[in-house]
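Work through the following exercises with the sequence and the structure side by side, and try each task before reading its solution.

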Amino acid sequence: MQALKQISPELAVTGQILPDDVTDLAGRGFTMIVCDRPDGEDPGQPDFATVAAAAARAGLEARHIPITSPAAADAATVGAFAKALAEAKGPVLAYCRTGNRCAVLWALGLAGSKPADEIIGAAAAAGCDLSSLRPRLI
């Protein structure tokens with residue numbers, strides 16, 4: 001598993017996880033896993049159902065909110081991601097190929113409720129460059 005990037009107290013993002021990673025994530029206190037990758041995006045990538053089954057065995061909720069690129073983050077997808085965060089019973093781990101799409105969904109969910117510089121700064125502190133989103137965050 002790639003390094004976790006702590007975007008906010010309630011959200012960390014990372015690249016692809018494997019079913020074997022889920023027990024470790026539960027041990028770190030995560031209560032929900034959100035997959036933002038479409039199934040079959042890369043050869044050898046575990047499908048969401050496999051990760052979700054591992055999550056269920058570890059007592060974690062799992063949600064699938066796939067997007068193909070940051071540009072594909074429409075209102076419905078952003079809303080689904082924000083809803084998942086709001087309904088989580090504790091910290092959430094979201095993953096995609098690199099964690100960037102997850103950070104984009106988080107940021108767009110905050111647009112209008114927090115200053116763009118604050119959102120971009122929080123993401124940058126975690127290692128995610130979302131400066132190109134500024135026009136969508138204002």
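**Exercise 1. Describe strand β5 and its pairing with other strands.**

Solution. The model is a predicted one, and the first step is to look at where the side chains of strand β5 (residues 92-95) point: Val92 and Ala94 face one way, whereas Leu93 and Tyr95 face the other way, and all are buried. The next step is to look for pairing partners. Strand β2 (residues 11-14) pairs with β5 in the parallel sense over four bridges, and within this pairing Ala12 has Leu93 of β5 as its bridge partner. Strand β3 (residues 32-35) likewise pairs with β5 in the parallel sense, over four bridges, and here the bridge partner of Cys35 in β5 is Tyr95.

**Exercise 2. Extend the pairing from β3 to a further strand, and state which way the side chains of β3 point.**

Solution. Begin with the side chains: from β3, Met32 and Val34 point one way and Ile33 and Cys35 the other way, all of them buried. Then turn to strand β4 (residues 61-64), which pairs with β3 in the parallel sense over four bridges. In that pairing, Met32 has Glu61 of β4 as its bridge partner. Taken together, β3 pairs with β5 and also with β4.

**Exercise 3. Decide whether two loop residues, Gly15 and Gln45, are buried or exposed, and list their surroundings.**

Solution. Gly15 is placed in the loop between β2 and α1 (22-27). Its relative accessibility is 0%, so Gly15 counts as buried, the cut-off for that word being under 20%. Once residues up to four places away in sequence are set aside, Gly15 touches Gln2, Tyr95, Cys96, Arg97, Thr98 and Gly99. A distance can be added: the C-alpha atoms of Gly15 and Ala94 are separated by 8.5 Å, although these residues are 79 residues apart along the chain.

Gln45 belongs to the loop between β3 and α2 (48-57). With a relative accessible area of 13%, Gln45 is therefore buried as well. Apart from neighbours within four places in sequence, the residues in contact with Gln45 are Gln16, Arg37, Pro38, Asp39 and Gly40. For Pro38 there is a further detail, since a polar atom of the Gln45 side chain lies 3.0 Å from the backbone oxygen of Pro38.

**Exercise 4. Place Leu108 in its helix and work out what surrounds this residue.**

Solution. Leu108 is found in helix α4, and its relative accessible area of 11% means that Leu108 is buried. Not counting residues up to four places away in sequence, Leu108 touches Ala73, Val78, Leu133, Arg136 and Leu137. As for Ala80, which is 28 residues apart from Leu108 along the chain, the two C-alpha atoms are separated by 11 Å.

**Exercise 5. Characterise the largest pocket by its volume, its lining and the elements that supply the lining.**

Solution. Start with the space itself, which amounts to about 190 Å³ in the largest pocket. Next, count the lining: 13 residues line this pocket, and those closest to its centre are Ser8, Glu10, Trp106, Leu110 and Lys114. Sorting the lining by class gives eight nonpolar, two polar and three charged residues. Finally, trace the lining back to the secondary structure: β1 (5-8), α3 (75-87), α4 (100-110) and α5 (116-125) each supply at least two of the lining residues.

How values were computed: Residues numbered from 1 in each chain as written. Predicted model: local features only at pLDDT ≥ 70, side-chain atom pairs only at ≥ 80, totals over all residues. Heavy atoms only, no water. 1 Å grid on protein atoms, 1.4 Å probe; cavity = no way out; pocket = protein on both sides within 12 Å on 5 of 7 lines; lining within 4 Å. Points joined across faces, edges and corners; volume = space filled by probe spheres on them. Nonpolar A, V, L, I, M, F, W, Y, C, P; charged D, E, K, R; others polar. Buried < 20%, exposed > 50% of the residue type's maximum accessible area, 1.4 Å probe, protein only. Pairing = 2+ DSSP bridges. Polar contact = N/O pair within 3.5 Å; in protein donor to acceptor, adjacent residues only side chain to side chain. Contact = heavy atoms within 4.5 Å.
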